[in-house]
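Student: I have a structure in front of me and would like to learn how to read it. Could we go through it together, one feature at a time?

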Amino acid sequence: MNDWVDHCDLLIVGAGPAGLSAAQAAAEAGVAAVVLDDNPRPGGQVWRHGPGFAPPRPARPLLSTLARPPLRYLPGTRIVDAPEPGVLLVEDEQRGWLLRYRQLILCCGARELLLPFPGWTLPGVTGVGALQALVKGGMPLRGERVVVAGSGPLLLASAATARQAGATVVGMFEQAPLSQVRRFALNLWRWPGKAAQAAALARRGYRPGAWVVEALGTDALQAVRVQTNGRVRTLVCDRLACAFGLVANTELASMLGCQLSAGTVAVGAGQRTSVEGVYAAGECTGVGGNELARVEGRIAGLTATGRHAEAAALAGRHRRWQAFARQLQASFELNPAIAQLARPDTLLCRCEDVSVAEVAGHTGWAQAKLHTRCGMGACQGRVCGTAARALFGWGPGNPRAPLVPARVATLGVYGTGGTGDD
Amino acid sequence: MIIYLDQHAVEVPGGITVAAALAYAGSSASRRSCTGQHRAPFCGMGVCQECRMQIDGQRRLACQTLCRPGMQVERSG
Ligand SMILES: Cc1cc2nc3c(=O)[nH]c(=O)nc-3n(C[C@H](O)[C@H](O)[C@H](O)COP(=O)(O)OP(=O)(O)OC[C@H]3O[C@@H](n4cnc5c(N)ncnc54)[C@H](O)[C@@H]3O)c2cc1C
Ligand code: FES
């Protein structure tokens, strides 16, 4: 390769459970795959690790495949553009270059659904998995009072991590009603390894049918107002972790022309997308936990390396975890009251400081962007566009290059470094 | 190790992210918004861009950057 262009037979985007499982399948077949991830450490969301937080045992063999040649692992690398079929423009801390691939497996995972409420921009307020991620990255939490709120089983995982870091969890508020949470807990025995989660749901201090209506503070968070059973009370705290479940990361797939379905990357047999040679696996194809992500990643890796019979043999396991995913979706459905929490002056777009009132008058996302700059900032609408979908029912816009903010020198590579041919 | 936050030396444990290091400097704020509000790392995973800072002269995400000895970090905006 020259400095501008690199080649690989199989490119895997994402080093979470799905991407690592795909990589393992590729390694078994001796295929020279490249695994690329924008985080400095591998593991994706659930296997995120750092000082004081070792990767969990089931993750270790998969993490170690990254060190096995002919596999190559590119940490801290982001995808900026897909300038032509089979070519991605990427950059790391040092440089930008073109990466050519024959086949591509998208394992981009999911992000949190972050919805606006008064005070949500205050320092001290984060997402739920976000708090967990920051703590695993080394953020000290000892002695702090933490409120965890929003929706989904991630509330429990995040509260556990906060406690492990020495924080006091002063409240856990789940917007879904008790009846739904109980049904979910009662069904967990059908999936091995999930029973502990059911027990945690019964933990004291976990309140279903409750949500944070406002975060209070001037320059940083000081307290939250929480609604339970129609009554609102104030709770003093240092941190609020609040998010309403997960949404699939579909931007790259969409830029490559892959069909989406219900906000996720649409896949058929063998995890094939609608684009030839492009596969997708894990939570970018639908949220369902790390077990489902692992099966799908393996199926994609096996299919991409021509081992169709082995892939087909995983169908039963795949179906079982898909059923778990459906159960998850149904249990933590969003209460319409959550979409009403923002006041007219609450910011919707955190990058350009555009309020809900400024956006609400428009007929759709494209028009709102044009007139208010909402979604035109650094996050490219990943937060506010996703929130607008939940608040106003607007469809997502088409992602445009650059997919993420990039250095000018990187953007120049496609022109100066030549085309994909070298 | 020592990193420099807005030119002040801050002692932080090894292996942590720049987003995590902010707390060791007393304020978790990473930037000011275009209307002057203080903002801090929010999504923790490279999505929201609230943690964008000048790190060794380049605009980078504090939540996806590991501290290195002598690193120069500046709050932006
Ligand atoms: C913040 C958060 C915390 C979570 N914590 C838990 C938990 O504690 N327990 C649990 O059971 N489940 C947790 N989950 C659910 C979890 O997402 C799944 O169980 C599992 O991690 C999904 O695996 P995956 O491989 O599909 O995706 P992920 O684990 O999300 O991995 C995707 C990886 O790809 C990278 N990536 C995505 N797009 C690009 C791109 N364009 N360029 C470069 N890299 C890219 C991401 O940074 C990430 O590292 C969490 C989810 C989130 C969002
Ligand atoms: S905290 Fe959101 S991008 Fe870093």
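Tutor: Keep in mind that this is a predicted model. Let us begin with contacts: among those in chain A between residues at least 6 apart in sequence, 65% join residues at least 24 apart.

Student: How many helices and strands does chain A have?

Tutor: Chain A contains 14 helices together with 21 strands. Its radius of gyration is 22 Å, close to the 22 Å that the globule rule gives for 422 residues, so chain A is as compact as a globular protein of that length. Taken along the principal axes, the C-alpha atoms of chain A fill a box of roughly 65 × 50 × 40 Å.

Student: What share of the residues of chain A count as buried, and what does chain A expose?

Tutor: A residue counts as buried when its relative accessible area is under 20%. By that cut-off, 57% of the 422 residues of chain A are buried. Chain A exposes about 17100 Å², and carbon and sulfur atoms supply 52% of that area.

Student: How many positive and negative side chains are there in chain A?

Tutor: Chain A carries 42 positive and 30 negative side chains, and the centres of these two sets lie 11 Å apart.

Student: Which residues of chain B supply the most area against chain A?

Tutor: Consider the whole contact before its parts: 37 residues of chain A and 35 residues of chain B take part. The area buried between the two chains is about 3000 Å², with carbon and sulfur atoms giving 56% of it. Of the area that chain B buries against chain A, B:Phe42, B:Met45 and B:Gln64 supply 24%, more than any other three residues.

Note on methods: Residues numbered from 1 in each chain as written. Chains lettered and ligands numbered in written order. Predicted model: local features only at pLDDT ≥ 70, side-chain atom pairs only at ≥ 80, totals over all residues. Heavy atoms only, no water. Helix = DSSP H or I, 4+ residues; strand = E, 2+ residues; numbered from the N terminus. Rg over C-alpha atoms; globule rule 2.2 N^0.38 Å. Buried < 20%, exposed > 50% of the residue type's maximum accessible area, 1.4 Å probe, protein only. Contact = heavy atoms within 4.5 Å. Areas by Shrake-Rupley, 256 points an atom, 1.4 Å probe, with all protein chains shown as cover. Lys, Arg positive; Asp, Glu negative; His and termini not counted. Charge placed at Lys NZ, Arg CZ, Asp CG, Glu CD. Buried area = accessible area lost by both parts, 1.4 Å probe.
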